[in-house]
Amino acid sequence: MIIAVIIAVVVIVIGLAILLYTGRGRTRGSGGQALKRRFGPEYARAVADHDGDTKAAEQELGKRVKEHGSLTQQALTPAALERYRARWAAIQEQFVESPLQAVTEADTLLARLARDRGFPDGERFEDQIAALSVHHAHHVQGYRSMHTAAHGPSGTEDMREAMVESRSLFEALVTGQPATRPGPLPPTAKAKRRGH
């Protein structure tokens with residue numbers, strides 16, 4: 001009789017341990033799924049940055065949410081919206097004659113726009129991109145490309161792609177809603193000379 005009770009207790013304890021372990025794994029997995037949905041391509045980038053270590057990547061993304069998730073985006077005045085739109089259009093036109101200058105100015109404009117919307121100041125790019133990724137994860141890669149092109153050696157085509165990609169973040173910050181797809185960029189001066 002005592003042996004039967006001991007066996008029953010052991011079976012119950014093992015059963016509870018299995019339930020707790022699988023339940024904990026499911027919770028962790030669903031947290032990962034929630035982060036995947038929230039961060040999209042930024043999740044894959046974080047995993048790659050951590051050499052495939054999903055746990056480390058999820059910890060980093062969770063930290064970003066904890067630090068920046070409650071950030072309230074500030075509204076822009078209609079006059080400020082118009083100034084930003086006009087400046088962005090001028091920068092796009094400038095790209096034809098001076099791609100590097102246009103990319104550098106666009107990078108500065110995006111940093112200022114993010115700051116005006118309530119994100120951390122652009123003086124520390126990584127802090128600003130971390131905060132932006134929590135609220136605009138599907139659009140931050142264009143800004144990263146823009147920043148890289150503005151601060152390092154890049155070809156004209158790389159700069160053009162960075163301008164196109166970063167437009168979605170610009171639109172998301174200006175309108176408060178994600179852009180559906182980037183707008184066209186004027187052709188490069190070379191293409192213009194060829195008559196394209």
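Colleague: Why is the pair Arg87 and Glu105 called a salt bridge?

Modeller: In this predicted model, the closest N and O atoms of Arg87 and Glu105 are 2.1 Å apart, and the rule asks for a side-chain nitrogen of Lys or Arg within 4 Å of a carboxyl oxygen of Asp or Glu, so the pair qualifies. The partners come from distant parts of the chain, with Arg87 in helix α4 and Glu105 in helix α5, 18 residues apart.

Colleague: What makes Arg87 and Glu105 partly exposed?

Modeller: Arg87 has a relative accessibility of 33% and Glu105 one of 23%; buried means under 20% and exposed over 50%, so both values fall in between.

Colleague: Is Glu171, which meets Arg85 in a salt bridge, buried or exposed, and what is the status of Arg85?

Modeller: Glu171 has 12% relative accessibility, which is under the 20% limit, and therefore counts as buried, whereas Arg85, at 35%, lies between the two limits and is partly exposed. Their side chains come to 3.6 Å, N to O, which is within 4 Å and therefore makes a salt bridge. This pair also links distant parts of the chain, since Glu171 belongs to helix α8 and Arg85 to helix α4, 86 residues apart.

Colleague: How many salt bridges does this rule give, and which residues are linked in a network?

Modeller: The count comes to 11, and a network of salt bridges links Glu42, Glu60, Arg64 and Arg144.

Colleague: How do you know that the length of α4 agrees with its number of residues?

Modeller: With 18 residues at 1.5 Å a residue, α4 should span 26 Å, and because its end C-alpha atoms are 26 Å apart, the two values agree.

Colleague: Which residues of α4 are buried, and what puts them on the same side of the helix?

Modeller: The buried residues of α4 are Ala80, Tyr84, Trp88, Ile91, Gln92, Gln94 and Phe95. They cover an arc of only 160° around the axis, and therefore they lie on the same side of α4. On the other side of α4, Pro78, Glu82, Arg83 and Glu93 are exposed, while the cover over the buried residues includes α5, α7 and α8.

Colleague: Which residues touch the most other members of the largest nonpolar core, and which helices supply it?

Modeller: That core has 32 residues, among which Val103, Leu132, Tyr143 and Phe170 touch the most other members. At least two residues each are supplied by α4 (78-95), α5 (99-116), α6 (125-136), α7 (140-151) and α8 (156-175), and α5 gives the most, with 8 residues. One of the residues just named, Tyr143, has contacts that include Asp107, Leu110, Phe125, Ile129, Leu132 and Leu169, when residues up to four places away in sequence are not counted. There is also a second, separate core of 9 residues, which includes Tyr43, Ala46, Val47 and Leu61.

Colleague: What is the secondary structure of the protein chain, and what percentage of its residues is buried?

Modeller: The protein chain has 9 helices and 0 strands, and buried residues make up 37% of its 196 residues. Among contacts between residues at least 6 apart in sequence, 63% join residues at least 24 apart. The accessible surface of the protein chain comes to about 11,800 Å², and 58% of this surface belongs to carbon and sulfur atoms.

How values were computed:
Residues are numbered from 1 along each chain as its sequence is written. This is a predicted model: local features need pLDDT of at least 70, side-chain atom pairs count only at pLDDT 80 or more; totals for chains, interfaces and linings use all residues. Side-chain values use heavy atoms; hydrogens and water are left out. A nonpolar core is a set of buried Ala, Val, Leu, Ile, Met, Phe, Trp, Tyr and Cys residues joined through side-chain atoms within 4.5 Å. Buried means under 20% relative accessible area, exposed over 50%, partly exposed in between (1.4 Å probe, protein chains only). Helices (H or I, at least four residues) and strands (E, at least two) are DSSP runs, numbered from the N terminus. Contact means heavy atoms within 4.5 Å. Accessible areas come from the Shrake-Rupley method with a 1.4 Å probe; for residues, only the protein chains shown count as cover. The expected span of a helix is 1.5 Å times one less than its number of residues. The arc is that of the directions from the helix axis to the C-beta atoms.
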